[in-house]
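The following exercises concern one protein model. Please work through each task before reading its solution.

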Amino acid sequence: MISVSNVCAAVAKLRSYAEKYNENINNLYMNGYFDDGLNKQLEFLAELITENSLSPYFVLNIDDEIVVPEDIKSTITHSCAEFELTFKKKEFIQELCSGAGDVDEVLYCCIESFSADLGGLGLSLPLEEGAINNAQNTRIHVYQMKNCFGGPKLAVVPADHSESLGEDWLSGSKLPPPDKILKHVHIVSSTPLKLNPQQFELTWGDVSCELAKPFRQAFAKQLFLSLCTNYYSDERVELKGVKHIETSLKEDGLDLKAELLSSLSECIAWCYGKEDPDIPLQLVIDRLSLECNSGNLMEVTYQTVNFAFEQAKSNYRFVIAKRSDDYRKELKEIYNDIQSVTDKFAEKAFSLASELLKSLLTIGFIFTVGTVSKAVVNNGLLHSPEGQMLFKLAGVFLGVSFFIRWLNASADLKVSEKALRSWSNKLHNHIPTEEVDQLINSQIIWSKVFYLTSLAITGLVQVHIAYFVYKSEFTLKLLGL
């Protein structure tokens, strides 16, 4: 496998002959004038390119003419005046180290260029989407760098680094994802921001070194913003705690320590790891709002952050205990409300069954009154037009009366159930809406099933009775009358 250091070393030797040298995140460009020493370096680079099939990544111009590496020796003459070299280093390192694209690879052939290209890496504006602040894992290779550092999604390593990276590398972050943070931090800005501290997280390696300073600043800004209430700009953020304060997030000149980042990371992971992050976040914000007096939130010390974190954890237990008592009280109220609705379902089911029984008794009474029934039969009144009309009216009455009772019962139950859900969701502050709905559904389901079963049976019987009364001629034939 080609050595990245050898390629960078060959390019670095040419740099001493360059009048102009420019290196950004994607490409390296240099130009200069010929002398005897340059000829040897160009020939050495050409040999390296040819042996390792690196032609797609290098473009060499000599006196404004493109020269392929194989022809360099024959092209270089004493009459050559100027050279230009472009190295497509982003394509080179990506193909070499992560051709599959699962890691975004970046290469710097000069440690000074790496330190100067904060804008290209997105470190000067860490809240906006950039080379690091995106959805990918990022690995930055720096020639002549001695130590390495990084986190679960970020690694800064020397060129040709062969040792295994930190245990956290590509293992998944404990910090919350952007969508979860943005439910609690309100961004009031015309500039599209990307709040994602996972991308800048630093957990292993020489995090305290000078090269890591801009990374520490970017990570700290992401972490501090995750604790804010409102963000308008770097010059104006709000913390609404015990005191409502306006402060800023300016990292200029600050040398933020690794221990501060570690404490902040642990604090944020703890806050957002709770089922309801609002409570722990508010406890931390309460303390920070009292301690932040400098006008710059990023000047808060490690001791202050650690104290706010410890106090929040201590107070959280008392808050949860109080919420637990309130929760049990509200739960009892909900069960009482549910009981009233289930009782109403039972009451309406009994009412429908009672009405059916009354209808059956009424019909039985008409046909079993002895002398009256005999008189009706003997005098032929059952088959007279008047008798038929009477039966039809009775059948219609039975059907209409059942429909009205069903409509009244269903409307009453619908109103009761709707009222139960409405006041339960509005009056209970410590039980989530989903849990309230789940409790109501689980408790009234069988009462509702019993009511619907009773409705189906009584309805079926009532409709048949109404039908047979309405079709009296057919019914009397069946009865032998």
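Two strands are said to pair if DSSP finds at least two bridges between them. Helices (H or I, at least four residues) and strands (E, at least two) are DSSP runs, numbered from the N terminus. The model is a predicted one, in which local features need pLDDT of at least 70 and side-chain atom pairs count only at pLDDT 80 or more, while totals for chains, interfaces and linings use all residues. Residues are numbered from 1 along each chain as its sequence is written, and side-chain values use heavy atoms, with hydrogens and water left out.

**Exercise 1. The sheet**

Establish in which order the 5 strands of the open sheet are arranged, and which strands stand at its edges.

Solution. Step one: strand 7 (residues 137-142) pairs with strand 6 in the parallel sense over 6 bridges; within this pairing, V106 has I140 as its bridge partner. Step two: strand 7 also pairs with strand 9 (residues 154-158), in the parallel sense and over 5 bridges, and here T138 is matched with L154. Step three: the full order is 6-7-9-8-11, with mixed pairing. Strand 6 and strand 11 (204-205) are at the edges; each has a single partner strand, so one side of each lacks a neighbour in the sheet.

**Exercise 2. An edge strand**

Determine how many residues of strand 6 (residues 103-108) are buried.

Solution. Step one: apply the cut-offs, namely buried under 20% relative accessible area, exposed over 50%, and partly exposed in between (1.4 Å probe, protein chains only). Step two: 6 of the 6 residues in strand 6 are buried. Step three: V103, E105 and L107 point one way from the strand, D104, V106 and Y108 point the other way, and all are buried. In addition, K89 lies over the face of Y108, 4.4 Å from the ring centre; the criterion is NZ of Lys or CZ of Arg within 6 Å of the ring centre and within 35 degrees of the ring normal.

**Exercise 3. Helix 1**

Explain why the buried residues of helix 1 line one face.

Solution. Step one: helix 1 (residues 4-15) has 12 residues and reaches 17 Å from first to last C-alpha, close to the expected 16 Å, where the expected span is 1.5 Å times one less than the number of residues. Step two: its buried residues are V4, V7, C8, A10, V11 and L14. Step three: viewed down the helix axis, these buried residues fall within an arc of 160°, so they line one face; the arc is that of the directions from the axis to the C-beta atoms. An α-helix has 3.6 residues a turn, so residues three or four places apart point the same way.

**Exercise 4. Aromatic pairs**

Classify the ring pair of F87 and F92, and then that of W270 and Y316.

Solution. Step one: rings of Phe, Tyr and Trp (its six-membered ring) pair if their centres lie within 6.5 Å; planes under 30 degrees apart count as stacked, over 60 as edge-to-face and the rest as tilted. The count by this rule is 9 aromatic pairs. Step two: F87 and F92 have ring centres 5.5 Å apart and planes at 50°, so the pair is tilted. F87 is buried at 0% relative accessible area, and F92 is buried at 2%. Step three: W270 and Y316 are edge-to-face, at 5.5 Å centre to centre with 75° between the planes. This pair links distant parts of the chain, with W270 in helix 9 (residues 258-273) and Y316 in helix 11 (residues 302-367), 46 residues apart.
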